[in-house]
Amino acid sequence: MPTHFHAVVWLDHSEAKLFHIGLTGSDELTLHPHLQTKHLHHKANAIGSGHAAPDKHFLEEIAAALNDAGEILIIGPASAKTELAKYLHEKHPAVGKRIVAVEAADHPTDRQIVAYAKQHFKMAPPRVATGTAG
């Protein structure tokens, strides 16, 4: 993947979509956990939280893909986004310190993810030639 300064990660517990964004476009990478989580139901008086533990290998793959990003935006529904941010801060502090925001986002399209990131990073849209004849 070419080096771009900005990266956005959208993730839930079943996949992560990473976009490295630059002035000339964006590159996408989709990762999936090795062990798909099943829905767990917590019962009263049971030990444990009823939540599946984060897939460490999945988080390591995301960390490796973000290694060359200058600024990182993490978005997604539920707790996966905060689990990733915590993991990066604890296990990969050099990457973790480049996280600029962790925000809630439902299930946007790829184009919406990139557009949201460009707005967040205040990236100007590309200039379009008007083609006026003189």
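1. Read along the sequence, the protein goes β-β-β-α-β-α-α-β-α, which adds up to four helices and five strands. Helices here are DSSP runs of H or I with at least four residues, strands are runs of E with at least two, and both are numbered from the N terminus.

2. Some housekeeping before the details. This is a predicted model, so local features need pLDDT of at least 70 and side-chain atom pairs count only at pLDDT 80 or more, while totals for chains, interfaces and linings use all residues. Residues are numbered from 1 along each chain as its sequence is written, and side-chain values use heavy atoms, with hydrogens and water left out.

3. Overall numbers: of the 134 residues, 37% count as buried. Buried means under 20% relative accessible area and exposed means over 50%, with partly exposed in between (1.4 Å probe, protein chains only). The protein exposes about 8500 Å², and carbon and sulfur atoms supply 56% of that; the areas come from the Shrake-Rupley method with a 1.4 Å probe, and for residues only the protein chains shown count as cover. Among contacts between residues at least 6 apart in sequence, 62% join residues at least 24 apart, where a contact means heavy atoms within 4.5 Å.

4. Now the sheet. It is open, has five strands in the order S3-S2-S1-S4-S5, and its pairing is mixed. The edges are S3 (25–31) and S5 (99–104), each of which pairs on one side only. Neighbouring strands are turned by 15° against each other on average, direction ignored. Two strands pair if DSSP finds at least two bridges between them. For the angles, axes are lines fitted to C-alpha atoms, for helices over the stretch in contact, and values run from 0 to 180 degrees between N-to-C directions.

5. The antiparallel part comes from the hairpins. S1 (residues 6–11) and S2 (residues 16–22) pair antiparallel over six bridges, and a hairpin of four residues joins them. If you want registers to check, Val8 stands opposite Phe19, and the bridge partner of Ala7 in S2 is His20. S2 and S3 are also antiparallel, over seven bridges, with two residues between them in the hairpin; here Ile21 stands opposite Ser26.

6. On the other side of the order, the pairing is parallel. Five bridges join S1 to S4 (residues 71–76), with Ala7 opposite Ile72. Five bridges also join S4 to S5, again parallel, and Ile72 has Ile99 as its bridge partner in S5.

7. How well covered are S1 and S2? In S1, six of six residues are buried: His6, Val8 and Trp10 on one side, Ala7, Val9 and Leu11 on the other. In S2 the count is seven of seven, so the strand is largely enclosed by the rest of the structure. Its two faces carry Ala16, Leu18, His20 and Gly22 on one side and Lys17, Phe19 and Ile21 on the other. In a regular strand the side chains alternate between the two faces of the sheet.

8. Two helices to look at against the sheet. H1 (residues 56–65) lies across S1, S2 and S3, running at about 5° to S2. H4 (residues 110–120) packs on the sheet too, touching S1, S2, S3, S4 and S5, and its direction makes about 50° with that of S2.

9. H4 is two-sided. Ile113, Val114 and Ala117 are buried, and seen down the helix axis the buried residues fall within an arc of 95°, so they line one face; the arc is that of the directions from the axis to the C-beta atoms. What covers them includes S1, S2, S3 and S4. Arg111 and Gln119, on the other side, are exposed. After the helix comes Lys122, with a positive phi near 55°.

10. Finally, the cores. A nonpolar core is a set of buried Ala, Val, Leu, Ile, Met, Phe, Trp, Tyr and Cys residues joined through side-chain atoms within 4.5 Å. The largest has 22 residues, of which Leu11, Leu18, Ile62, Leu66, Ile74, Leu84 and Leu88 touch the most other members. S1, S2, H1, S4 and H2 (80–91) each give two or more residues to this core. Ile62 touches Val9, Leu11, Ala16, Leu18, Leu31 and Leu84, leaving aside residues up to four places away in sequence. A second, separate core of 13 residues includes Trp10, Phe19, Ile113 and Met123.
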